[in-house]
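I opened this entry to look up how the two chains meet, and I wanted to go from one pair of elements outward to the whole contact.

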Number of protein chains: 2
Amino acid sequence: MDFFQTVEKRRSTRKFTNEQIPKDVLDKAIDTGLLAPNSSNLQLWEFYCVTSKEIKEKMDLACLSQPAATTATALIVAVSRRDHWKQHQELILADFEKKNMNDEKIMYYYKKLIPFVYAHGPLSILGLFKRAIVTLMGFSRPMPRSPFSNSEVDTVAIKSSALACQNIMNAISAQGFDSCPMEGFDEKRVKSILNLPSKARITMVIGCGKGDPEGVYGERVRFSRENFVKHL
Amino acid sequence: MDFFQTVEKRRSTRKFTNEQIPKDVLDKAIDTGLLAPNSSNLQLWEFYCVTSKEIKEKMDLACLSQPAATTATALIVAVSRRDHWKQHQELILADFEKKNMNDEKIMYYYKKLIPFVYAHGPLSILGLFKRAIVTLMGFSRPMPRSPFSNSEVDTVAIKSSALACQNIMNAISAQGFDSCPMEGFDEKRVKSILNLPSKARITMVIGCGKGDPEGVYGERVRFSRENFVKHL
């Protein structure tokens with residue numbers, strides 16, 4: 001299916017028929033998500049594909065029993081995992097070693113800069129010092145202003161996983177199925193159902209299935225582009 | 001271009017040739033971005049398309065003079081605007097009125113729930129009370145656990161604008177051009193260049209242009225999908 005048609009076709013669908021969305025459609029969608037760019041290629045994301053009746057029912061409750069969850073035949077839960085940075089840094093360095101890659105700048109980036117950016121200690125205490133240094137240096141020259149706390153690292157990982165989510169939803173659309181991204185859920189309960197640690201964050205839950213025409217609420221509403229787009 | 005080919009083709013490109021990326025390619029990419037789903041359809045995003053020499057040079061410095069910025073012939077700056085929630089709430093309510101739409105649930109959602117979710121007062125003081133109430137209620141039933149602070153609202157808006165960014169980057173790719181999402185920039189300086197208030201957040205800066213083959217660093221590296229994908 002054509003790229004632009006796919007994006008046009010995707011609408012948030014709040015009611016699904018009981019036609020099952022096949023596993024290979026879900027897998028292809030997630031694989032397309034994994035092709036999204038992400039911060040420093042650390043891939044701090046996870047995707048839980050929920051189809052079993054028992055877990056789906058628990059998830060539906062945690063999604064506040066909204067129809068986009070209860071009528072969906074599958075849920076994809078996009079998770080941000082800042083706590084995986086160290087283990088993924090090691091995977092990247094192992095990949096470089098396998099390829100005999102030893103570009104100095106890239107090695108410095110992954111060996112020195114990544115820990116500076118991702119490790120802020122309990123209660124982000126280390127991050128406070130980093131922020132102070134950067135603020136001082138920032139008076140005289142451009143400096144990155146984040147992430148200097150664990151929650152700012154969460155935001156970085158959430159951003160990357162959101163990029164993947166857009167690919168996932170479009171890929172579902174390209175395969176003739178429908179989706180609905182949800183942020184109205186009980187994150188604490190979702191993490192408990194998926195057995196996730198407190199450091200994990202739920203980026204969004206995507207209801208997936210075959211859309212019921214009633215599940216799309218009228219024409220797409222976008223305010224005039226002059227509100228959002230500026231040329232400089 | 002086929003959807004899946006487009007996503008496959010998109011690679012983060014860190015060096016561009018001096019071939020200008022046409023304005024209509026950029027406009028089409030941004031319009032494709034605006035079709036992304038977003039939280040409560042409040043459209044808390046803005047896209048600054050920078051091509052003028054003077055502003056581009058300032059932006060290049062704020063992007064720490066990285067080649068993905070300096071060699072780009074255009075920069076798209078994706079901005080998250082939590083401060084626009086009230087004005088956009090009014091735009092949505094005006095649209096409902098025009099359409100004689102008065103579904104009680106939807107009106108309640110936009111008139112009552114949206115202010116509860118988006119307005120947290122200076123230093124998020126109101127949000128503290130909201131969080132306390134929700135935490136108490138959450139013992140007995142599922143409750144949303146965020147956003148209850150201004151920075152959590154930022155995260156919601158950042159997430160929506162990231163969804164749009166993925167569409168933008170793919171749309172650039174579908175039109176035969178290339179892009180690079182950047183998070184390494186001086187947010188304070190970018191906001192000052194774009195004349196943005198402190199409440200605005202820069203989601204990312206996307207370098208755009210015609211990719212130089214040297215600008216793509218080898219094969220795409222993704223760890224094994226077993227690291228990220230779980231079926232439940």
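I began with the pairing of helix 8 of chain A and helix 8 of chain B, keeping in mind that the model is predicted. I looked up their geometry and found that the two helices, residues 150-174 in each chain, pack at an angle of about 40° with their axes 8 Å apart. Helix 8 of chain A and helix 8 of chain B are therefore oblique to each other, and I noted that the crossing of the one past the other is right-handed.

I then asked which residues meet there, and found A:Thr155, A:Ile158, A:Lys159, A:Ala162, A:Leu163, A:Cys165, A:Gln166 and A:Asn167 in helix 8 of chain A against B:Thr155, B:Ile158, B:Lys159, B:Ala162, B:Leu163, B:Cys165, B:Gln166 and B:Asn167 in helix 8 of chain B. By class, the residues of this helix contact divide into 8 nonpolar, 6 polar and 2 charged.

Next I looked at the contact as a whole, which takes 67 residues from chain A and 67 residues from chain B. Among the elements of chain A that give two or more residues to the side touching chain B, I listed helix 1 (3-9), helix 2 (23-33), helix 5 (85-98) and strand 5 (229-231). Helix 8 of chain A gives the most to that side, with 11 residues. I recorded 35 nonpolar, 17 polar and 15 charged residues on the side of chain A that touches chain B.

Last, I checked the strands, and found that strand 5 of chain A pairs with strand 1 (residues 45-50) of chain B in the parallel sense over 3 bridges. In strand 1 of chain B, B:Tyr48 is the residue that A:Lys230 stands opposite.

How values were computed. Residues numbered from 1 in each chain as written. Chains lettered and ligands numbered in written order. Predicted model: local features only at pLDDT ≥ 70, side-chain atom pairs only at ≥ 80, totals over all residues. Axes fitted to C-alpha atoms, helices over the stretch in contact; angles between N-to-C directions. Helix = DSSP H or I, 4+ residues; strand = E, 2+ residues; numbered from the N terminus. Parallel < 35°, antiparallel > 145°, perpendicular 65-115°, else oblique. Left-handed = near helix turned anticlockwise from the far one by under 90°. Contact = placed C-beta atoms within 7 Å. Nonpolar A, V, L, I, M, F, W, Y, C, P; charged D, E, K, R; others polar. Pairing = 2+ DSSP bridges.
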